[in-house]
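Here is a short briefing to read alongside the sequence and the coordinates. Have your viewer open and follow along, topic by topic.

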Amino acid sequence: MRTLAHLTSLLRNLFRRKQSDQDLDEEVRSYVALLTEEKIAAGMSREQAGRQAKFELGGIERIKEQVRDIRAGARLDALIQDLRYAIRMLRKGPAFTVTAVLTLALGIGANTAIFTLLNGIMLRALPVRDPQQLVLLQWHARKAPAFDEYSSFNDCATSGPGDENPWGCSFSSPMFNTIHQQTSVFDGTLAFAGPLPLTVSGNGSASMASGEIVSGDYFNVLGVRAVLGRTIGPADDAVTAASVVVLRYGYWQEAFGGSPSAIGRTIRLNGVPFAIVGVADPGFISLTPGKTQDMWLTRSIFPRVGFREGWSRVEDAGNAWLAVVARLKPGISAAQAQAAVGLLFRNELGHGSTPLVDPTSDPSIILLPAQSGLTGERRGYEKSLRALMIAVCIILLATCANVAGLLLARSTTRRREIAVRLALGAPRMRVARQLLTESILLSVLGGLVGVLVAFWGVHAITVFVSSDSLQRFNFALTPDASVLTFTAAVSIVCGILFGLTPALAGTRIGLAPTLKENAAGDDNPSARTPGFSLSSALVVVQIALAVVILTGAGLLIRTLQNLKNINPGFDSRNILLFSLDPALTGYETAQIQNLYRELQSQFAALPGVISASYSSSALLAGDLSNGKITIEGQPDPQEPYDVDQLSIAPSFFDTMRIPIIAGRVFNASEAVGNSESATSPQLDAGKPWPPPIPAPLLVVINDAFVRRYFSKRSPLGMHLNRGDTTQSKTGTTDGKPRSRYWEIVGVVADAKYNELRREIRPTVYLPINGGGANFEVRTTVDPTLVIPAIGAILARTDANLPLSRIRTESQEISHDLFQERLIARLSSFFGLLALLLACVGVYGLLSYDVARRTREFGIRTALGADANAVLSLVIRRGVVLSVTGTIIGGASAVAGTRYLESLLYGVHAGDASTLAAVAALLTIVVLAACYIPARRATRVDPMIALRHE
Amino acid sequence: MPPDPTNLLQGTLDMMILKSLALTEMHGLGIARRIEQITKGTFQVKPGSLFPSLHRMEQEGWLTGTWGESENNRRAKYYKLTAAGRRQLETETKRWGRISLAIARALETS
């Protein structure tokens, strides 16, 4: 009731202000009239009564003002008034306003842009119905369950080999079926795995695509609809179901031109016919952020597509390969559900026909929110993003310090105005509020322009990111509601931050001296001192922040430079790379070997090609495989040595130009007959180990191997024993490693394997035999020019064999350094921005200072000071500021850049030469900024300056 | 921001305005005269404090104002107590009783 009355009167005051004003006026007038009549009745003359009544009233306007003040809308009135006044003041100083708004726009825009990135990559909600109900199942145990096979596809964080209390999020198909039947805590469960490579034929020339394997409920539980046709349903996930596939919207656009007639068409996946039944909603790319696949097929159908041998055992309880996501029933807590599925997990693993887990290892399930649990590609960006976010926050602080400095200088020139207002009885808070309103208005304007800056920034980043030809950037980067909320919050906090100090300092002034000052030269020393030190402090802060950002940027640039200067150990120029996987199209191992050799000789004979080779994975492509070995004749170490392994064709070293140091390379005939293909990209970690044969295999090792394990002894002819490998747990029988002899026939120089950052580790090069391979073609011309010829050779040999991942080695390297380039570029941009802000700050402060001290400089010149003396007077101040700022900034940079350590290469946080370079750069630039106002000081004409009085 | 130092007096004025309106509706001058009358001239209510008080209490929902004719046919704004106003008068009266009792005791004991 009371609030209602309040509200109605507030509304009335707001919207019917004029009317309620008139109302009040009339009321007061009627009071006067009544009073006059009363006095007439008491015997006064009309005229005298009127005068007396008005006298008793004491001023109609004053009463009206008092009434207005107590109205509910009074504060709002004051705010509107403040705003109007603020707009007027900002209009009066357009140069100041534009400078401040632009500075703020840069600071807020940079923040918004990086936050958009952060939001798009880390925070954006999963693109499904009610994503907050979805949970990801993660298993934990004190000792890893003895799964026969374990595959994960970069959906979530998984413990490494050495971790105590291992964890992971892959489950077997029977385990998923059991969980799926548990309907008391979940409204639905789904499983998925992949993406896995597929060859597509029956739609133009053969091509490669990727497919995700999903359970039948996948789309229903997620609430993802088909934009065309239908999605996969539970009925499709049966051993007897027809082979159907659902396409990703983007793939449908690319491969089928978005034609509706694609629905119902049959394509061949790995040679098996599949009917296209639908296209998924365009908003849904993948459940796991940053991952992508071209199509979805169900888990009971996909063994038909003839993947490598291991995938035939997808129903085994010992084969963990599915990620499981469930939708919690409303009203069921995560803890309840956790207990329920934990029990299922323990039973399934511990009480099956062959127990996979020791009950004492306490296996359990933890339910993670799917939003944060499904990390996907995010993890790779996390550190860089965090560093960038810190950088833009520092930029924002520098911006605030800068604008605070501007405002402070301005409030000093407005001291007379403020003093007059205070003298006329305005409360100090009221004046401070007025100043604060101005600063918030400024920052809101800055925020609006900042959004434009952010749009541009995000666009520039997206363009840069998509310049990486080898990896699609699968995150949507558009400012959404949360980004705009963030910007609004930043703007207002910023406005308060930079407005508060000047507002408080500006209103803390001695009235009498300020009012007594003459209008032109307010060089009253007592009044100057507080403003002086505060604005100096603000400039020092800006310089210090610039030093911190520049140091960070410097370290990241040095890192990039160091990485670029790494000698990879092979000649990376003029090499074309591409991948083939004939096994997907039905080739047997022996056939593959012949096919590769045939293709190699044809490629090498092409004009413009020097040589060609192939290996299980390309160098610096991110793929790595390793395994454990022991060395015969050496005392058995406690743990077998962990070495890198790469399977290659004999011509590999020749093509890559890796020098042979000792011995020789196995030749083609020696490589035949050994089905010992030791390597596979880690992505395909789920494939089983081919059966070993106990014949010695000729291998080549690298120099690092020799240095590490054969100190000064010749390794040639030495034998190596395969230990357990990290690739496969089926390689061991009865817990003991099988003996497989490798004989070392040669030593080659060191070369980088999977990425530039990783140190070169002891490596064994084995003869390649079958499996997917990556070809390397060394050319004399631009490598991309031979692509058509290579395509033609392939088409002639087998039209169903798709080429994939065609790229040059240089592209591969630039992809390897992509994030480093992105972050180095962004951070140096931010560094320059901070430097610019610091310059503007110094310049502004000194200019203002010089203008204020005109008379002083005039007197000095008149008394005989020469130009140099005056110049040094001003510059000295700049030097003091920049040295103080640099020292403070340098110290903070040494402490602060420690957080960057994990991003650095070949340089350490607090690197002295980087700091020195930054200090030098900053000093030079700041001195340049000082010089202009200093010159102006020397040009002061004593006559004019003194006549000014 | 309510003017704090005059809180007690403000409350007293409010209470007296409410009291004077307890029996019948009145216009501003009428209220002032009524207060003078019942306090036997101890309280002279000035328009500068009367109007802000009236408007504030109207806003609080204790009073409602309507335009009407005075005894000599002049338009005047008449104020009337609302139910909330009556409740407020009751609590104010109780509060005042407690305070005056306390003050009286304090003065007696000294």
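**Chain B at a glance**

Starting from the N terminus, the elements of chain B follow the order α-β-α-α-β-β-α. That makes four helices and three strands in chain B. Do keep in mind that this is a predicted model.

**Extent and packing of chain B**

- The C-alpha trace of chain B spans about 55 × 30 × 25 Å along its principal axes.
- Chain B has 110 residues, and 44% of them count as buried.
- Taking contacts in chain B between residues at least 6 apart in sequence, 48% join residues at least 24 apart.

**Surface and charge of chain B**

- About 6,400 Å² of chain B is exposed, with carbon and sulfur atoms supplying 58% of it.
- Chain B carries 16 positive and 11 negative side chains, and the centres of these two sets lie 3 Å apart.

**Strand 9 of chain A and its partners**

- In a regular strand, side chains alternate between the two faces of the sheet.
- Strand 9 of chain A (residues 266–269) shows such alternation: I267(A) and L269(A) point to one face and are buried, while T266(A) and R268(A) point to the other and are not buried.
- Strand 5 of chain A (residues 186–201) pairs with strand 9 in the antiparallel sense over two bridges, and V200(A) has L269(A) as its bridge partner.
- Strand 10 of chain A (residues 272–280) also pairs with strand 9 in the antiparallel sense, over four bridges; here L269(A) has V272(A) as its bridge partner.
- The hairpin of strands 9 and 10 of chain A has two residues between the strands, and N270(A) takes a positive phi near 50° there.

Note on methods: Residues are numbered from 1 along each chain as its sequence is written. Chains are lettered from A and ligands numbered from 1 in the order in which they are written. This is a predicted model: local features need pLDDT of at least 70, side-chain atom pairs count only at pLDDT 80 or more; totals for chains, interfaces and linings use all residues. Side-chain values use heavy atoms; hydrogens and water are left out. Buried means under 20% relative accessible area, exposed over 50%, partly exposed in between (1.4 Å probe, protein chains only). Two strands pair if DSSP finds at least two bridges between them. Contact means heavy atoms within 4.5 Å. Accessible areas come from the Shrake-Rupley method with a 1.4 Å probe; for residues, only the protein chains shown count as cover. Lys and Arg count as positive and Asp and Glu as negative; His and the chain ends are not counted. The place of a charge is taken as NZ of Lys, CZ of Arg, CG of Asp or CD of Glu.
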